[in-house]
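Colleague: Got a minute to walk me through this one? I'd like to go over side-chain contacts and pockets.
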Amino acid sequence: MIAKMTRLRLIGLRSDQNKILDVLTEHGLFEPRVAQASCDLLVSGEGEKSDAYRNIRLKQSRISFALDFIKQRRDAMAAMLKANAKAYKAGKTDNLYDYGLSKKKLGGGRMLITRAEFSDVQAREYDLLAVCDALQKLSFEIVENKTLSAELKQRAAEYAPYADFPMPFSALKSTGRVRMALYSCGATGVDATLSELPCAFQRFEPSGVYAVLCTENNVADIDKAVSAAGGVKAEFTDDCTARSKIESIDAERADIERHIYELTERALEYEKYYADLRILYDVLELDAERVETDGRLKKSQSAFVLEGWLPEDDAEQIEAELKSISPQAFLQFIEAEESDAPPTLVVSKKVLEPYEDVTNMYSAPKYREIDPNPVMSIFFFLFFGLMVGDAAYGVILAALGLGFGFSKKFDVSMRRLLQLVGWGGVSAVFWGILFGSYFGIDFGETQVAIWFNPMQDPMAMLYLSIALGVLQLTVGYVMQFIKLCKAGKPLSAVFDAGPIILLFAALACVAIGMITPGMIPKFDFVITESGKRGLTITAITLAALGVAIMIIFGGRKNKNVFGKVFGGFKGLYGLINLLSDLLSYCRLFGLALSSCAIALAFNTLGLTFGAAGYVLLVVLHIFNMALAVLSAYVHNVRLQVLEFYGKFYDGEGRLFAPLGQRTKNVRFG
């Protein structure tokens, strides 16, 4: 049922504004809208353009950075511990890190907290923002040290080619007219090049470093020749060997990496604030929502005007509470007018709530539209169980889905999805008992099916699928008929939806008349010849009436005479699409048989491996059950939103979004 909404207009003192908004936010029953009051003394609030709003978003960005930084540092710590343990085991370091990394999951779904816990975090906003600042400072320091470490790594790489040269670089200097130079070149062709030049040289393996001794006059020619061969001249002047320099740089880098580890330790000391920071983010989100609401107000120096939507059933309670905290406030409740577009609040019984998400996934109903969930949920329930089609699978799905779905361990959306699967499991138990399907076990000659076994009588399964399709499509057109009547268009109801209903009724008469003994298992009734004639006459009459209405009145909305006369034939052509919609329900038949067939095949496969096959059977049946659930959900949704909703449902509504519900990380329990 779609709740009736009323528009609240409140005029109050500016001094009471925060108290009034606190009450409305806590109840979560009021959606603000832009106040329509017009007066020269009233001005609009700044809202999202205000400095307060920008300041809130800035604080949230600081919190987001802190949360991401904590997660990133924990991942970095895990990598450092792993690398350090590996190096320690290989004897490359004597320093074994000793840090107990928390295994607590960071992030995840929305936390279940109380209002008191929320208020406590709100009171500690200053301290928690100081934590964000401390983490940001640590991040700068870590980045600085990482940059320095990268620079040292690059320096070590520059010295690496000369690691096998035994002399210090300071020895590479001119002595009178003789000069020694050092070149790094992996190409062996340099030997031939240097052999043709007036110099002495020696190659140091395996790095391919050449030490060249020549006169001062030949330096330029040798530099040019070696450079052309791919050599690089060493310009270092250190009073030590390359290996010593590399060891010195590695030691310096090790100190820096150790410092990064210590900084990471310090950063993870703030991990205990992670949950509080997530809560604070939502505290600020509600503050931002409050400022946005302020932008929808009309204000004077001493008063303000607030407007918005709330459920009519809760208006009296809200009025009493607002009057208790602000006796001077003036409250007016205004019924929604035709020109208004109130938000949609669907109020369903607990068992129907999971099915609302299927509808909302497609499009929320309009405020004045018929709530489709009560009818759709019946078909969704039946189709889900039919496509799973196994009583044993159903018991497992019902136990897990309803067991977890009604607990408070998960978010509302996840609980609803689990409940949807759980109720689908109940339906699977129902159909599984009718079909005698229990883990796809072949009972041989023993008949365990109360009705029929789809694997033994697939045509009966096909007839059942088509019959359910006819039933749902007929209900869809009946709802279109009701919708048009409620909209004050009874002629459209009769001339548009009426013919299709008559044609489906005619089809039902024909189908009943075609039933022969044994066609429907367990129902071996016989229709007399006179009964068949009666059904045939009824079918012809209904079909003729439906086609006549469609042809005569189908073109009534066209403006020209030609369109009015021949427009009805366009409706007859549209029956092809209706047949296509009906054939879509064959997927019920296909998925039901595939689930049973796969289970039977898995049983045959598992039993070929003896005792070990039972373990394999468990894995295979879990896989088949998961596949059946996924297929049942996806194809069920398709049948509802395309075939069923396409006949009567408009959607395009706007869901009720009250103050205090826009949280990302928390939910209140």
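Modeller: Sure. One term before we start: a residue is called exposed when its relative accessible area is over 50%, and buried when that area is under 20%. Partly exposed covers what lies in between. Also, this is a predicted model.

Colleague: Fine. Is Glu338 buried or exposed?

Modeller: Glu338 comes out at 69% relative accessibility, so it counts as exposed.

Colleague: Which residue does Glu338 meet in a salt bridge?

Modeller: Arg368, with N to O at 4.0 Å. Glu338 sits in the loop between β11 (330–335) and α10. Arg368 is in the loop between α10 and α11 (373–388). The two are 30 residues apart. Arg368 is at 41% relative accessibility, so it counts as partly exposed.

Colleague: How many salt bridges are there?

Modeller: The count comes to 31.

Colleague: Give me a buried one.

Modeller: Try Glu307 and Arg33. Their side chains form a salt bridge at 3.6 Å, N to O. Glu307 belongs to strand β10 (residues 303–311) and Arg33 to strand β2 (residues 31–33), 274 residues apart. Both are buried.

Colleague: What network are Glu307 and Arg33 linked in?

Modeller: A network of salt bridges that links Arg7, Arg9, Arg33, Glu307 and Asp340.

Colleague: And what about Arg662?

Modeller: Arg662 forms a salt bridge with Glu292, and their closest N and O atoms are 2.9 Å apart. Arg662 is in the loop between α20 (612–644) and β12, while Glu292 is in helix α8 (residues 274–294), so the pair ties together parts 370 residues apart in sequence. Arg662 is partly exposed, at 32% relative accessibility. Glu292 is buried, at 10%.

Colleague: Switching to rings. How many aromatic pairs does a search of the whole structure find?

Modeller: It finds 31 aromatic pairs. One of them is Tyr97 with Tyr261, which is stacked: 3.9 Å centre to centre, with 10 degrees between the planes.

Colleague: Where do those two tyrosines sit?

Modeller: Tyr97 is in the loop between α2 (51–89) and β4 (111–113). Tyr261 is in helix α7 (residues 242–268). They are 164 residues apart, so the pair links distant parts of the chain. Both Tyr97 and Tyr261 are buried.

Colleague: Why is the pair of Trp451 and Phe452 edge-to-face?

Modeller: Their planes are at 75 degrees, and over 60 counts as edge-to-face. The ring centres are 5.0 Å apart. Phe452 is buried, with a relative accessible area of 4%.

Colleague: Which residues form one aromatic cluster?

Modeller: Tyr362, Phe379, Phe383, Tyr585, Phe644, Tyr645, Phe648 and Tyr649.

Colleague: What sits over the ring of Phe668?

Modeller: The charged end of Arg115, 3.8 Å from the ring centre. Lys664 lies over the face of Tyr281, at 5.2 Å from the ring centre.

Colleague: Last topic, pockets. How much space lies in the largest pocket?

Modeller: About 1,000 Å³. It is lined by 29 residues, and the closest to its centre are Leu345, Val412, Arg416, Pro658 and Gln661.

Colleague: Which elements supply at least two residues of that lining?

Modeller: α1 (17–27), α10 (353–362), α13 (412–435) and β12 (666–668) each do. The largest share, four residues, comes from α10.

Colleague: How do the lining residues divide into nonpolar, polar and charged?

Modeller: There are 11 nonpolar, nine polar and nine charged.

How values were computed: Residues numbered from 1 in each chain as written. Predicted model: local features only at pLDDT ≥ 70, side-chain atom pairs only at ≥ 80, totals over all residues. Heavy atoms only, no water. Phe/Tyr/Trp six-rings, centres within 6.5 Å; stacked < 30°, edge-to-face > 60°. Buried < 20%, exposed > 50% of the residue type's maximum accessible area, 1.4 Å probe, protein only. Lys NZ or Arg CZ within 6 Å of the ring centre and 35° of its normal. 1 Å grid on protein atoms, 1.4 Å probe; cavity = no way out; pocket = protein on both sides within 12 Å on 5 of 7 lines; lining within 4 Å. Points joined across faces, edges and corners; volume = space filled by probe spheres on them. Nonpolar A, V, L, I, M, F, W, Y, C, P; charged D, E, K, R; others polar.
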